[in-house]
Amino acid sequence: HIEYIETFLDKRKTHLFLESNSLPVLDSLDPNRTNNFPIIGKPINGFGGKGILKIQSKEDLNQNVNTED
């Protein structure tokens, strides 16, 4: 089923799907609402460890990551 493929290729959709089916998930972190750095950023639609960033500060976040999606 194509809808499952689309769901599981998007981390936000996967998180919502698992949560809505009463499966345990970790809380997600809004990078705009934290001061607890460093954090690890992963692309929403990435896989295989591609595109992972270590974000050291708010300035680093603003320069390197699109957080509006």
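Contact here means heavy atoms within 4.5 Å. In the predicted model, 30% of the contacts between residues at least 6 apart in sequence join residues at least 24 apart.

The protein contains three helices and two strands, which follow one another along the sequence in the pattern α-α-β-β-α. Along the principal axes, the C-alpha atoms fill a box of roughly 40 × 25 × 20 Å. Of the 69 residues in the protein, 16% are buried. The exposed surface amounts to about 5,800 Å², and carbon and sulfur atoms supply 52% of this area. The protein carries 8 positive and 10 negative charges; the mean positions of the two sets lie 5 Å apart.

The surroundings of T34 were examined in further detail. T34 is located in the loop that runs between α2 (11-20) and β1 (39-41). With a relative accessible area of 9%, T34 is classed as buried because this value falls under the 20% cut-off. The side chain of T34 reaches the backbone nitrogen of N36 at a distance of 3.0 Å. When neighbours within four places in sequence are left aside, T34 is in contact with L29, I39 and K58. Thus the loop position of T34 is accompanied by burial, by an approach of its side chain to the backbone of N36, and by contacts with residues beyond its sequence neighbours, including K58.

Definitions and conventions. Residues numbered from 1 in each chain as written. Predicted model: local features only at pLDDT ≥ 70, side-chain atom pairs only at ≥ 80, totals over all residues. Heavy atoms only, no water. Helix = DSSP H or I, 4+ residues; strand = E, 2+ residues; numbered from the N terminus. Buried < 20%, exposed > 50% of the residue type's maximum accessible area, 1.4 Å probe, protein only. Polar contact = N/O pair within 3.5 Å; in protein donor to acceptor, adjacent residues only side chain to side chain. Areas by Shrake-Rupley, 256 points an atom, 1.4 Å probe, with all protein chains shown as cover. Lys, Arg positive; Asp, Glu negative; His and termini not counted. Charge placed at Lys NZ, Arg CZ, Asp CG, Glu CD.
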